[in-house]
Amino acid sequence: MDRFPDFPQDIRRLIFEQAFEDYNYTGGHFLLICREATEWLEPLVYRSVNVVEGHIDDRLRIQSTRFCTAFRQAPKARAFYAQNVRSVYIDDLGLRSIGEQFLPMCTSLVELSYGSSNFPPLPDTLKAILQPSYFPRLRRLGIDGAPQSLGLLSGFDLPAFHQMTLIEMVDSGQFRWDGLKSLRCLNHLLIDVRPQWKDMNRFSSTSANHLLPLVNALQPHLPPSLQHAVFMVPNYLPFLLSWVDCERQLKFNRKFSFRPIVQGQFDRRIFLGVPGQAEELNVNGTTEQHMREFQNTIQHLVCISKANPPWYWVRWAEKVVQDSEYR
């Protein structure tokens, strides 16, 4: 610390913490400067922990490998994890050692995202996590697995749901929305409904029509506090929706069925999202009007990519609202 000989300790600490934050919490090399910097910055390093050894993003995968190596070889004291860990993105819930050993130590956890379908969550493990006494401060929960694995087909019955401000989940068509409206803290909801299109024809109007009952079934159950309810649909569906809408208007002079949903006229809180970018289908008879409607649809989509940090789709939804003249 010879370069800051006259600076008070709290000022020196603020300098290092700000520099670390400027590096988007990836400035681990700052810990190598001196012992004092290590003591200051280690709590920030562990504020958000990634345990995703198979992630597609190189940065997250490298961070995860470093954490797993350190945890296995030289773990911190239990009190350190309890005091500092606030967010965990994990693909291991009880199937390997890290999940079983690490998560119970993070008693101040605020965000938990389970993000890998390669390791299906164990129902007993998830039910234990969703007990309020397990993580009393947990407010954001993402589960990459259908709710039936939790025995939640009858709705949001577990008490922990009532303290959530954000929920991510998968609905394969068996879920009931009973109880959703009673979640007074819930602000953001992401529902992956792609499994419901698994065996459907991507060029059929039947595939497009399947969206309507999903939206109509959810909308009456949205709680008053909710800001964003995002349906994560197949990449090709936005094009199909815009194409079918145009066809019905051109041939039968029918009103648009899907545009009000896409643009928020049906309910400003409901959005469509795709994993990455929307796909343009090669359909015979596609005209310039079809393409204009598709481009307009794209402007209202929420991008949901595993290459982005967890919960990033919330910012994207907020941007759609800001850029739209309808919502």
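Two strands pair if DSSP finds at least two bridges between them. Keep that in mind for the first stop. The model on screen is predicted.

**Stop 1: the sheet.** Select the strands. Nine of them form an open sheet, in the order E1-E2-E3-E4-E5-E6-E7-E8-E9, and the pairing is parallel. Now go to the edges. They are strand E1 (48-51) and strand E9 (302-303), each paired on one side only.

**Stop 2: one pair inside the sheet.** Select residues 111-114, strand E3, and residues 140-143, strand E4. These two strands run in the parallel sense and share four bridges. Click Leu 112. Its bridge partner in E4 is Leu 141.

**Stop 3: a helix on the sheet.** Add H8, residues 211-218. H8 packs on the sheet and touches strand E6 (188-192), strand E7 (228-232) and E8. Its direction makes about 155 degrees with that of E7.

**Stop 4: helix H9.** Select residues 237-252. Helix H9 has 16 residues. From first C-alpha to last it reaches 22 Å, close to the 22 Å expected at 1.5 Å a residue. Is H9 enclosed or open? Twelve of its 16 residues are buried, so H9 is largely enclosed by the rest of the structure. Colour the buried residues: among them are Leu 237, Phe 239, Trp 243, Asp 245 and Arg 248. What do they pack against? Show helix H7 (205-209), helix H8 (211-218), helix H10 (259-262), strand E8 (270-274) and helix H11 (288-298). Then step past the end of the helix. Asn 253 follows H9, and its phi is positive, near 55 degrees.

**Stop 5: the cores.** In soluble globular proteins, nonpolar side chains tend to be buried together. Here the largest nonpolar core has 68 residues. Phe 102, Leu 112 and Phe 231 have the most contacts inside this core. H9 gives the largest share of the core, six residues. Apart from this core lies another, of twelve residues, among them Leu 166, Val 230, Trp 313 and Ala 317.

Centre on Phe 231. Leaving aside neighbours within four places in sequence, Phe 231 is in contact with residues including Ile 191, Val 193, Leu 214, Leu 218, Phe 271 and Gly 273.

**Stop 6: Ser 207.** Select Ser 207, which lies in helix H7. Is Ser 207 buried or exposed? Its relative accessible area is 1%, and buried means under 20%, so Ser 207 is buried. Show the backbone of Asn 201: its oxygen lies 2.4 Å from a polar atom of the Ser 207 side chain. Beyond neighbours within four places in sequence, contacts of Ser 207 include Trp 197, Met 200, Tyr 236, and Leu 237 and Leu 240. Those two leucines are among the buried residues of H9.

Methods: Residues numbered from 1 in each chain as written. Predicted model: local features only at pLDDT ≥ 70, side-chain atom pairs only at ≥ 80, totals over all residues. Heavy atoms only, no water. Expected span 1.5 Å × (residues − 1). Buried < 20%, exposed > 50% of the residue type's maximum accessible area, 1.4 Å probe, protein only. Contact = heavy atoms within 4.5 Å. Core = buried A, V, L, I, M, F, W, Y, C linked by side-chain atoms within 4.5 Å. Axes fitted to C-alpha atoms, helices over the stretch in contact; angles between N-to-C directions. Polar contact = N/O pair within 3.5 Å; in protein donor to acceptor, adjacent residues only side chain to side chain.
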